[in-house]
Amino acid sequence: MRTYTYNPFKERRDKIFLVSLIIAFILYLAFSITYFSSVSGEIRENVVRLHILAESDSEIDQQVKLKVRDALLKKNTELLSSKVTPENAEEYFKNSKDELEKCANEVLKENGFDYTAKITLGKEYYTTRTYEDLTFPAGTYTSVKVVLGSGEGKNWWCVMFPPLCVSVATGGIETDDGVNLEEYLDEDGKRIVMSEGKFKVGFKVVEWYEKLFK
């Protein structure tokens, strides 16, 4: 019959090994969260979001909201130039706000609506959102906010800068062939944005982490 011989050195070695594994895992997790949060912060600094609020949820108000969306994206594409960079994008939208607002109001007037559009530029919190093959992390972004009338209807979100959102009849979101993401995001940022949902856990963890600590 085999008897068990207590070996304090082996038990201590096993405990040290287990503790080392736990510490290594915690350090790896902390590094991953910090890294992902840092890259997400860089993405938010280089992206301007578009947020449109309809007058109401009625079919006619929702339809004109999409017409305003189409007109604003088209006008924005016309106004943008190669001189607009992530560093001066906010200044560009400050200077273009009145022209974009005029464009939105022309659409409302042409379609027989008596309410008007109001555009403001500020900071807004967005949850993690995926548009086809593009995913943007949650956080506070510079935001072009368009309020139609009372703005009590359903929202519509996308990206105003870089000009990635192409509004078509189907309402699809595509990456404009003329836009090179590398001009606006570094390699890590581009990889996360074009991850097609591969980092779902990472997005959720960072969203939770930033809400908790920031």
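This section describes the fold, the internal cavity, a nonpolar surface patch and the salt bridges of the chain.

The model is a predicted one. Its chain contains 5 helices and 6 strands, arranged along the sequence in the order α-β-α-α-β-β-β-β-β-α-α. Of the 214 residues, 40% are classed as buried.

The search for enclosed space yielded 1 cavity of 30 Å³ or more. The volume of the largest cavity is about 30 Å³. Its lining consists of F93, K97, L100, I119, T120, L121 and V144. Helix 3, spanning residues 89-110, and strand 2, spanning residues 117-126, each contribute at least two residues to this lining. In terms of residue class, 5 of the lining residues are nonpolar, 1 is polar and 1 is charged.

On the surface, L18, I22, F25 and I26 together form a nonpolar patch of about 410 Å². Of these residues, L18 is located in helix 1, which covers residues 8-45.

Electrostatic pairing was examined next. Side chains of opposite charge can pair when their charged atoms come close. A total of 5 salt bridges was counted in the model, and three examples are considered here, namely K75 with E78, K123 with E90 and K145 with E124.

In the pair K75 and E78, the N to O distance is 3.7 Å. Both residues belong to helix 2 (residues 59-79), and because they are 3 residues apart they are separated by about one helical turn. K75 has a relative accessibility of 22% and is therefore partly exposed, given that the partly exposed class lies between 20% and 50%.

The salt bridge between K123 and E90 has its closest N and O atoms 4.0 Å apart. Since K123 lies in strand 2 and E90 in helix 3, the pair ties together parts that are 33 residues apart in sequence. K123 is exposed, at a relative accessible area of 55%, whereas E90 is partly exposed, at 32%. Helix 3 and strand 2, the elements joined by this pair, are also those that each supply at least two residues to the cavity lining.

Strand 2 takes part in a further salt bridge through E124, whose partner is K145, with a closest N to O separation of 3.8 Å. K145 is placed in strand 5 (residues 139-148), and the pair links distant parts of the chain, 21 residues apart. The relative accessibility of K145 is 27%, so this residue counts as partly exposed. E124, by contrast, has a relative accessible area of 16% and is buried, because the cut-off for burial is under 20%.

Definitions and conventions. Residues are numbered from 1 along each chain as its sequence is written. This is a predicted model: local features need pLDDT of at least 70, side-chain atom pairs count only at pLDDT 80 or more; totals for chains, interfaces and linings use all residues. Side-chain values use heavy atoms; hydrogens and water are left out. On a 1 Å grid over the protein atoms alone, a cavity is a set of points where a 1.4 Å probe fits but cannot get out, and a pocket is an open set with protein on both sides within 12 Å along at least five of seven lines; lining residues have an atom within 4 Å of a point. Grid points are joined across faces, edges and corners, and a volume is the space filled by probe spheres set on the points. Helices (H or I, at least four residues) and strands (E, at least two) are DSSP runs, numbered from the N terminus. Ala, Val, Leu, Ile, Met, Phe, Trp, Tyr, Cys and Pro count as nonpolar, Asp, Glu, Lys and Arg as charged, and the others, Gly among them, as polar. Patches are made of residues with over 30% relative accessible area and no salt bridge: like charges are joined within 9 Å, nonpolar side chains (Val, Leu, Ile, Met, Phe, Trp, Tyr) within 5 Å. Accessible areas come from the Shrake-Rupley method with a 1.4 Å probe; for residues, only the protein chains shown count as cover. A salt bridge is a side-chain nitrogen of Lys or Arg within 4 Å of a carboxyl oxygen of Asp or Glu. Buried means under 20% relative accessible area, exposed over 50%, partly exposed in between (1.4 Å probe, protein chains only).
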